[in-house]
Amino acid sequence: MRTSLAAAVLALSACGFQLRQALTLPPDLGPVRVVSSDRYSPLAESLAQALTRAGAVPATADSSEVAVLDLMSERWGDTPAALDELGRVQEYTLRYAVVFELRKADGSALLPRQSVELARDYVANPVNAIGTEGEREILMRELRREMSAAVLRRVGAVSERR
């Protein structure tokens, strides 16, 4: 047992593996407001909570000097990925694309406009569709979680460059 544990530790250290560090925000960022083109965006809510957990001060309604994480667009799409012998779709690719930017309180771009696109495949039985919609909903929640993490990694990369 100890030998296999030691071998695993040595193998991981030899390949350059290291745990991700916690998100660090730029020290001069100030209060942050997450703004979305969709007023009820689950991604915007998730990002606001994650930024608060990372130490950002959430902007209040009366805050004047506010940095803005602007989610300019969120798009979902299904693309057929595989067909059966009768031409019916057997598998779809679910795509999620977000365009965003981070602006400092003075309006200058701290993180210029960029986009992130994620995709996952799921099986859709054309004869028996029971469960397909449930699987799609689970994938949507998972993609939102991954998108939130991807945006936060980009925000964290800004402070690492400074």
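Which exposed residues does the face of helix 2 turned away from its buried side carry? Select Glu-45 and Arg-53: these are the exposed residues there (exposed meaning over 50% relative accessible area with a 1.4 Å probe and protein chains only, buried under 20%, partly exposed in between).

A word on what is loaded: this is a predicted model, where local features need pLDDT of at least 70, side-chain atom pairs count only at pLDDT 80 or more, and totals for chains, interfaces and linings use all residues. Residues are numbered from 1 along each chain as its sequence is written, and side-chain values use heavy atoms, leaving out hydrogens and water.

Now turn helix 2 around and pick Leu-43, Ala-44, Leu-47, Ala-50 and Leu-51, its buried residues. They cover an arc of only 130 degrees around the axis (taken from the directions from the helix axis to the C-beta atoms), so they sit on the same side of helix 2.

Next, visit the ends. At the N-terminal end, Ser-41 is the cap, with a side-chain oxygen 3.2 Å from the backbone nitrogen of Leu-43. Just after helix 2, select Gly-55, which takes a positive phi of about 110 degrees.

Finally, go to the largest nonpolar core (buried Ala, Val, Leu, Ile, Met, Phe, Trp, Tyr and Cys residues joined through side-chain atoms within 4.5 Å). Among its 31 residues, Phe-100 and Met-147 touch the most other members. Helix 3 gives the most to this core, nine residues. Centre on Phe-100: beyond its neighbours within four places in sequence, its contacts (heavy atoms within 4.5 Å) include Leu-69, Met-72, Leu-111, Val-116 and Val-151.

Notes: Helices (H or I, at least four residues) and strands (E, at least two) are DSSP runs, numbered from the N terminus. A polar contact is a pair of N or O atoms within 3.5 Å; within protein, one must be able to donate a hydrogen and the other to accept it, and residues adjacent in sequence count only if both atoms are side-chain atoms.
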